[in-house]
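Please read this briefing alongside the sequence and the model, which is a predicted one. The points are grouped by topic so that each can be checked in the viewer.

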Amino acid sequence: MLNRNVETFIGCDNEYEESKIVIFGAPFDSTTSFRPGTRFASKAMRGESFGIETYSPYQDKDLEDIAVFDGGDLELSFGNTSRALGQIEDFTTRILEDGKIPCMIGGEHLVTLGAMRAVAKKHPDLHVIQFDAHADLREDYLGETLSHATVIHRVWDLLGDDKIFQFGIRSGDRSEFQWGKDHVFTNKFNFDGLEEIVEKLKGKPVYLTIDLDVLDPSVFPGTGTPEAGGVSFMELLNAMLKVSGLNIVACDVNELSPIYDQSGVSTAVACKVLRELLLAI
């Protein structure tokens with residue numbers, strides 16, 4: 001008997017019914033203001049994932065020992081941001097209704113809003129941990145309220161004050177930081193204080209969103225808006241492991257732009273981050 005040639009992320013070839021986690025791609029970068037290309041991330045990661053192992057020596061765990069279903073990429077609407085976000089919301093809702101954990105591969109960071117809308121409906125007490133270089137707290141960007149630069153402000157619209165915890169932030173408009181002081185927790189540059197936040201969020205539903213540009217460009221150059229002064233891979237991994245004991249009800253990894261990854265190192269890093277995330281939650 002032959003198997004159908006369907007490429008999945010390495011070790012994520014389980015059946016849907018048996019899987020606890022469902023990964024899927026949201027190939028969308030229509031509001032990227034600097035260098036687009038993140039729409040190609042999920043396909044690149046599936047192909048390049050076979051360059052890493054399913055086993056993690058960091059966690060002594062193996063993707064072969066857990067059940068993950070790869071749902072492929074969503075076919076999102078061109079030129080209609082609201083509709084694309086609605087498609088992501090609908091797909092995420094289906095996964096949640098089946099009692100599984102959605103794990104989305106962006107795409108630009110705005111895709112988080114579509115998944116977040118679904119998760120917030122199911123978990124009204126939802127909290128968010130964001131690892132990112134950028135605050136993403138603008139009210140609008142060039143007049144557009146739906147943008148990769150406004151996504152966390154739109155998430156705040158859903159959740160309100162004291163629900164969003166940002167780490168690694170090192171870029172944003174002055175007004176974003178000023179507004180953020182009254183509405184979100186922001187730790188600049190690194191993961192200092194993460195232990196206290198983890199303690200505070202024990203028992204609460206948490207959405208973990210990882211914008212890979214939190215990593216230093218020397219580690220992760222393949223992204224649309226690289227920012228110097230980022231964290232190392234090990235610092236990000238340790239932060240992921242710290243939050244893994246929380247009730248992670250959904251997560252995403254976003255902002256890999258393969259066309260700016262000529263060496264392939266950024267895609268390899270993204271694959272490794274996703275493997276560690278899947279094994280940790």
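What follows covers pockets, nonpolar cores, one buried glutamate, one helix and some backbone details.

The largest pocket of this predicted model has a volume of about 400 Å³, and the second largest has about 250 Å³. The largest nonpolar core holds 50 residues, and apart from it lies another core, of 36 residues.

**Pockets**

- The largest pocket is lined by 15 residues, and those closest to its centre are Val 6, Glu 7, Thr 8, Asp 13 and Asp 70.
- Strand β4, which spans residues 68-73, gives the most to the lining of the largest pocket, with 4 residues.
- Sorted by class, the lining of the largest pocket consists of 4 nonpolar, 5 polar and 6 charged residues.
- The second largest pocket has 19 lining residues, and nearest its centre lie His 134, Asp 136, His 148, Ala 149 and Thr 225.
- In the lining of the second largest pocket, 3 residues are nonpolar, 8 are polar and 8 are charged.

**Nonpolar cores**

- In soluble globular proteins, nonpolar side chains tend to be buried together.
- Within the largest nonpolar core, Phe 9, Phe 131 and Leu 236 touch the most other members, while helix α8 (residues 265-280) gives the most to this core, with 8 residues.
- The other core, which lies apart from the largest, includes Val 128, Ile 152, Ile 164 and Tyr 207 among its 36 residues.
- Once neighbours within four places in sequence are left aside, the contacts of Phe 131 include the aromatic residues Phe 167 and Phe 191, and also Leu 194, Leu 208, Ile 210, Val 214, Leu 236, Met 240 and Val 243.
- Thr 209 and Asp 211 are also among the contacts of Phe 131.

**Glu 255**

- Glu 255 is placed in the loop between β10 (247-254) and α8, and it counts as buried because its relative accessibility is 5%, against a cut-off of under 20%.
- Leaving aside neighbours within four places in sequence, Glu 255 is in contact with residues that include Thr 38, Gly 107, Glu 108, His 109, His 148, Asp 211 and Phe 220.
- A polar atom of the Glu 255 side chain lies 2.8 Å from the backbone nitrogen of His 109.
- Although Glu 255 and Val 214 are 41 residues apart along the chain, their C-alpha atoms are separated by 10.0 Å.

**Helix α4**

- In helix α4 (residues 151-159), the buried residues are Val 151, Ile 152, His 153, Arg 154, Val 155 and Leu 159.
- The elements that cover these buried residues of α4 include α3 (111-122), β6 (127-131), β7 (164-169) and α5 (174-180).
- After α4 comes Gly 160, which has a positive phi, near 85°.

**Backbone details**

- Gly 106 and Gly 107 are joined by a cis peptide bond, with omega about 10°, and Gly 107 lies in the loop between β5 (101-106) and α3.
- Asp 60, a residue other than glycine, has a positive phi near 50° and lies in the loop between β2 (55-56) and β3 (61-62).
- Asp 60 counts as exposed because its relative accessibility is 56%, where exposed means over 50%.
- Asp 162 is not a glycine either, yet its phi is positive, about 60°, and its place is in the loop between α4 and β7.
- With a relative accessible area of 54%, Asp 162 is likewise exposed.

Methods. Residues numbered from 1 in each chain as written. Predicted model: local features only at pLDDT ≥ 70, side-chain atom pairs only at ≥ 80, totals over all residues. Heavy atoms only, no water. 1 Å grid on protein atoms, 1.4 Å probe; cavity = no way out; pocket = protein on both sides within 12 Å on 5 of 7 lines; lining within 4 Å. Points joined across faces, edges and corners; volume = space filled by probe spheres on them. Helix = DSSP H or I, 4+ residues; strand = E, 2+ residues; numbered from the N terminus. Nonpolar A, V, L, I, M, F, W, Y, C, P; charged D, E, K, R; others polar. Core = buried A, V, L, I, M, F, W, Y, C linked by side-chain atoms within 4.5 Å. Buried < 20%, exposed > 50% of the residue type's maximum accessible area, 1.4 Å probe, protein only. Contact = heavy atoms within 4.5 Å. Polar contact = N/O pair within 3.5 Å; in protein donor to acceptor, adjacent residues only side chain to side chain.
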